[in-house]
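Dear colleague,

I am passing on the structure we spoke about, and I would be glad if you could look it over before reading my notes underneath.

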Amino acid sequence: MDKIIIQGLKINALIGVYDWERESKQPLLVDIVMQLDLSKAAQSDDVNDTVDYAKAAELLEKVALDSDFQLLEALAGKLIDTLMATYPLLNVTLTLTKPNILDNAQKVAVQMTREA
Ligand SMILES: Nc1nc2c(c(=O)[nH]1)N=C([C@H](O)[C@@H](O)CO)CN2
């Protein structure tokens with residue numbers, strides 16, 4: 001199946017359980033694997049026949065900036081629901097990573113998959 005992939009998209013969001021996390025937005029990373037039929041765009045060479053990954057990235061950045069959640073799960077759910085509602089995707093997997101948050105771990109992340 002055809003896929004469009006965005007890796008390591010930097011977004012900023014107000015997110016966290018603890019008071020010290022509620023004071024300012026913090027950086028997160030998003031990875032997305034979108035499954036969709038790319039055969040039309042492969043033939044036409046027209047960005048209107050596919051998902052414009054630049055626009056998808058902008059959309060996720062904006063949704064994150066406007067959001068206010070405690071849990072990664074909640075923001076990841078909002079982001080993946082937005083993608084499914086906006087684009088004709090067959091399947092999408094989204095990984096939302098909070099880097100450098102735990103002293104003894106490189107990063108923490110949640111991953112969600114949704115199907116049409
Ligand atoms: N399953 C989760 N556990 C925790 C989260 C989360 O988003 N999902 N968040 C926190 C804190 O906000 C963390 O970033 C700092 O310890 C704790 N556990």
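What follows is a short account of the sheet, the helices that pack on it, the annotated domain and the surroundings of the ligand.

Please keep in mind throughout that this is a predicted model.

The sheet is open and has 5 strands, which run in the order 3-1-2-4-5 with mixed pairing. Strand 3 (68–69) and strand 5 (107–115) are at the edges, and because each has a single partner strand, one side of each is left without a neighbour in the sheet. Strand 1, covering residues 3–15, pairs with strand 2, covering residues 26–35, in the antiparallel sense over 9 bridges, and within this pair Ile4 of strand 1 stands opposite Met34 in strand 2.

Two helices pack on this sheet. Helix 2 (residues 53–65) touches strand 1 and strand 2, and its direction makes about 20 degrees with that of strand 1. Helix 3 (residues 72–86) touches strand 1, strand 2, strand 3, strand 4 (91–99) and strand 5, and its direction makes about 145 degrees with that of strand 4.

As for annotation, an unreviewed UniProt entry lists residues 4–114 as "domain: Dihydroneopterin aldolase/epimerase". In the model, the end C-alpha atoms of that span lie 15 Å apart, and the span is 31% helix and 37% strand.

Finally, the ligand is surrounded by Gly16, Val17, Tyr18, Glu21, Leu71, Leu72, Glu73, Lys98 and Ile101, a shell that divides into 5 nonpolar, 1 polar and 3 charged residues.

With best wishes

Notes: Residues numbered from 1 in each chain as written. Predicted model: local features only at pLDDT ≥ 70, side-chain atom pairs only at ≥ 80, totals over all residues. Pairing = 2+ DSSP bridges. Helix = DSSP H or I, 4+ residues; strand = E, 2+ residues; numbered from the N terminus. Contact = placed C-beta atoms within 7 Å. Axes fitted to C-alpha atoms, helices over the stretch in contact; angles between N-to-C directions. UniProt positions renumbered as here; feature names shortened; annotations may be inferred. Near = placed C-beta within 6 Å. Nonpolar A, V, L, I, M, F, W, Y, C, P; charged D, E, K, R; others polar.
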